[in-house]
Amino acid sequence: MDELRVRAAALVQRHPKDARLRRVGTSRSGLPMWLLSVGHGSRQALVVAGPHANEPVGGATALRLAERALADPRLCEGADATWNLLLCLDPDGARRNEGWLSGPYTLGHYFRHFFRPGFREQPEWLPDGADGAALPETRALLDLQDELRPFFQCSLHGVDVGGGFVELTRELPGLAPRLAHTAARLGIPLELGPYDTLYWPTLGPAVYRIPPPRRADLAAAITEAAVESTWFHPHPYGTVTAVVEAPMWGVRAVGDASPSADADGALRTVSRTLRRDTRLLQALLTRIRPGLGTAADTASLLAPVDDYLLVCPGLADSWDPDTETDDGTHPLPPLDTARLTALRISARRIALRTAGLLHQLVTHAGHDPSGALPDLDRLIDAWCADYHDGYQARWIPVARQVEYQARVVLHAFELAGRRAPLSRPGASTVGTSPAKAEVPFE
């Protein structure tokens, strides 16, 4: 967190005429929220880094984008654009992930230090609508959106295990082939059936259309994400929002569109496994909870644990072909190898996150009267080994994650600029031909 601000301030010192840094909000614990702006165009682009606490790549991507916008006049003057880069939307949560950020970059180290707040404390979501938004981080972003009325907004996310993909509130024709080209050049697997987008329209390989928001209960919000959010808040201004997901550990099978030999058998296995894992985790929580106390730190770790354990039984039922549900759940779409792999990864992810948070609850308490820590260590090690050995999950160097995400944002920015008319007479769009458009983005 501190490094982001220092690097942004240094960039402003080097380019005082074209770059500005201002505080646009304050987190719940009093940490500043910084906006780095580059250029003087009349059309505003807004890039939001760090919306999820455990996805740090966006901060480095925001700085990379600022450097490129300062170096390439086509990205500011030529597009009549100003780049506004929010360096971190959840600085409190980002602080709590610093335990794994310096490495070693192993799955076990990551999940033992993983933190992501409960659903109602994630600042992009609007469970009570924009008018009812209570988090100061959310209010700061909403105010910024209303101030800027951006033609383009980008939310920078990270996939811990899997592949890259993009979600859009409006279609951007031509993005899918550019995404595929960039991913191939950088060796980033693309996710052809993310669990998040299971029921969403596909606009092209690894590009998905976010459905219009709706009010939903907590379980639906956690598992479907098509709820009211800051992604859609600037929609009335004509904004197109792109959610750009970059993987930390890549899995090639999430890009395998081949048919599955036994999809129902795979679903039965993943449902049975999730139910078993949930029972194990529930039992561990029951052992751990009496000795935890009531500190604020304990409550913040328990909230996501309770959220995850709440949704697991319903998830297992919705995936099980032998279980009939009457809760309005949609039937699963056809499941190829990519979708089944993504679903298995998601089931394992929710269990690993819960185990990692329980591990932190015990270690932060400073004592383990129930003897749960060895059991948690065994579970985390076994489940991480499943990712590493069973799915061939491999760490992607941070520099490559950043470069991939930055290039995808620039492609989306250029395509969004084509659909939004220039405000300044005589200005020209970025990259007026496909050949020229490739230069600044590749």
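This section describes the nonpolar cores, one helix and selected salt bridges of a predicted model.

The largest nonpolar core comprises 64 residues, among which Trp83, Phe152, Tyr404 and Phe413 touch the most other members. Helix α13, spanning residues 398-419, supplies the largest share of this core, with 9 residues. When neighbours within four places in sequence are set aside, the contacts of Trp83 include Leu36, Ser37, Val38, Ala45 and Val47, together with Leu65, Ala69, Leu75 and Cys76, and also Val409, Leu410 and Phe413. A second core, separate from that one, contains 55 residues, including Val251, Ala355, Val362 and Ala393. In soluble globular proteins, nonpolar side chains tend to be buried together.

Helix α7 consists of 12 residues, 175-186, and at 1.5 Å a residue these should span 16 Å, a value with which the 17 Å between the end C-alpha atoms agrees. The buried residues of α7 are Leu175, Ala176, Arg178, Leu179, Thr182, Ala183 and Leu186; because these fall within an arc of 160° when seen down the helix axis, they line one face of α7. The face turned away from this buried side carries Pro177, Ala184 and Arg185, which are exposed. Just after α7, Gly187 adopts a positive phi of about 70°.

The model contains 27 salt bridges. In one of these, the side chains of Arg95 and Asp2 meet with an N to O distance of 3.1 Å, and the pair links distant parts of the chain, since Arg95 belongs to helix α3 (residues 91-96) and Asp2 to helix α1 (residues 2-14), 93 residues apart. Both partners are partly exposed, Arg95 at 29% relative accessibility and Asp2 at 47%.

A further salt bridge joins the side chains of Arg348 and Asp277 at 2.8 Å, N to O, linking helix α11 (residues 337-365), which holds Arg348, to helix α9 (residues 263-288), which holds Asp277, across 71 residues of the chain. Arg348 is buried, with a relative accessible area of 10%, and Asp277 is likewise buried, with a value of 2%. Arg348 also forms a salt bridge with Asp386, the closest N and O atoms being 3.3 Å apart. Asp386 lies in helix α12 (residues 373-390) and Arg348 in helix α11, so this pair ties together parts that are 38 residues apart in sequence. At 24% relative accessibility, Asp386 counts as partly exposed, because buried residues must fall under 20%. Elsewhere, Arg64, Arg68, Glu403 and Arg407 are joined into one network by salt bridges that share partners.

Note on methods:
Residues are numbered from 1 along each chain as its sequence is written. This is a predicted model: local features need pLDDT of at least 70, side-chain atom pairs count only at pLDDT 80 or more; totals for chains, interfaces and linings use all residues. Side-chain values use heavy atoms; hydrogens and water are left out. A nonpolar core is a set of buried Ala, Val, Leu, Ile, Met, Phe, Trp, Tyr and Cys residues joined through side-chain atoms within 4.5 Å. Buried means under 20% relative accessible area, exposed over 50%, partly exposed in between (1.4 Å probe, protein chains only). Helices (H or I, at least four residues) and strands (E, at least two) are DSSP runs, numbered from the N terminus. Contact means heavy atoms within 4.5 Å. The expected span of a helix is 1.5 Å times one less than its number of residues. The arc is that of the directions from the helix axis to the C-beta atoms. A salt bridge is a side-chain nitrogen of Lys or Arg within 4 Å of a carboxyl oxygen of Asp or Glu.
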